[in-house]
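Here's a quick walk through one model, feature by feature. Keep the viewer open while you read.

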Amino acid sequence: MHELSIVKDIFDTLEGHYGARVEDVQQIQVTAGLLSNVQPVLIQNAFDAFIAENRGYAEMELEVVVNDIVAYCDVCQQNFPVHYHRFVCPCGRSSSTIVQGNELYISKVIFKQEK
Ligand SMILES: [Zn+2]
């Protein structure tokens with residue numbers, strides 16, 4: 001399953017970065033562009049399945065932020081929002097220069113408050 005491997009990658013990254021402190025993470029926020037082929041519901045389900053199998057992570061929460069698609073118009077030299085996968089600038093030119101929408105990354109890590 002595509003989403004489960006993404007979740008594993010996320011935890012591999014976190015473990016590589018924070019080591020044993022990963023178990024003190026309260027919430028992670030993942031930002032996914034609309035073109036990244038990540039379904040927030042599916043990644044949430046994969047995350048829930050993953051933490052259910054890994055006791056140390058039982059209380060961890062996931063938030064998925066979805067980024068809209070933004071493209072760049074050479075004529076206007078400006079970015080414009082892409083709706084319904086129509087890569088056409090308000091000026092009428094089409095553009096396939098994607099500025100935002102392909103990304104998938106861990107955008108925030110919140111640790112539990114120290115007791
Ligand atoms: Zn334009």
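What follows covers the metal site, the sheet, the aromatic pairs and a few single residues.

A word on ground rules: this is a predicted model, so local features need pLDDT of at least 70 and side-chain atom pairs count only at pLDDT 80 or more, while totals for chains, interfaces and linings use all residues. Residues are numbered from 1 along each chain as its sequence is written, and side-chain values use heavy atoms, with hydrogens and water left out.

**The zinc site**

Let's begin with the metal. The SG atoms of Cys-73, Cys-76, Cys-89 and Cys-91 coordinate the zinc ion at 2.2 to 2.4 Å. Donors here are N, O and S atoms within 2.8 Å of the metal (3.2 Å for Na, K and Ca), and since water is not among the atoms, sites may look incomplete. Angles between the four donor atoms run from 104 to 115°, which makes the arrangement tetrahedral (for four donors, all angles between 85 and 135 degrees). Along the sequence, the spacing of the donor residues reads C-x2-C-x12-C-x1-C. Cys-73 belongs to strand β3 (residues 69–73) and Cys-89 to the loop between β4 (78–82) and β5 (98–100), so this pair ties together parts 16 residues apart in sequence. Strands are DSSP runs of E with at least two residues, helices are runs of H or I with at least four, and both are numbered from the N terminus. Cys-73 and Cys-89 are both buried; buried means under 20% relative accessible area, exposed over 50%, and partly exposed in between, with a 1.4 Å probe and protein chains only.

**The sheet**

Now for the strands. Three of them make an open, antiparallel sheet in the order β4-β3-β5, where two strands pair if DSSP finds at least two bridges between them. That leaves β4 and β5 as the edge strands, each pairing on one side only. Five bridges join β3 to β4, with Ala-71 opposite Phe-80 in β4. Two bridges hold β3 and β5 in antiparallel pairing, and Val-70 has Gln-100 in β5 as its bridge partner. The β3 and β4 hairpin has four residues between the strands.

Two loop residues are worth a click, as neither is a glycine:

| Residue | Phi | Place |
|---|---|---|
| Gln-77 | about 55° | loop between β3 and β4 |
| His-85 | about 60° | loop between β4 and β5 |

Gln-77 is also exposed, with a relative accessible area of 60%.

**Aromatic pairs**

On to the rings. Searching the whole structure turns up five aromatic pairs. In Phe-11 and Phe-50 the ring centres are 4.4 Å apart and the planes sit at 20°, so the pair is stacked. Rings of Phe, Tyr and Trp (its six-membered ring) pair if their centres lie within 6.5 Å; planes under 30 degrees apart count as stacked, over 60 as edge-to-face and the rest as tilted. This pair links distant parts of the chain, with Phe-11 in helix α1 (residues 2–18) and Phe-50 in helix α2 (residues 40–53), 39 residues apart. Phe-11 is buried at 1% relative accessibility, and Phe-50 is buried at 11%. Ring pairs also join Phe-11, Phe-47, Phe-50 and Tyr-57 into a cluster.

**Elsewhere**

Ser-107 sits in strand β6 (residues 104–111) and is partly exposed at 29% relative accessibility.

Terms used:
Tetrahedral: all angles 85-135°; square planar, octahedral: opposite > 155°, others 65-115°.
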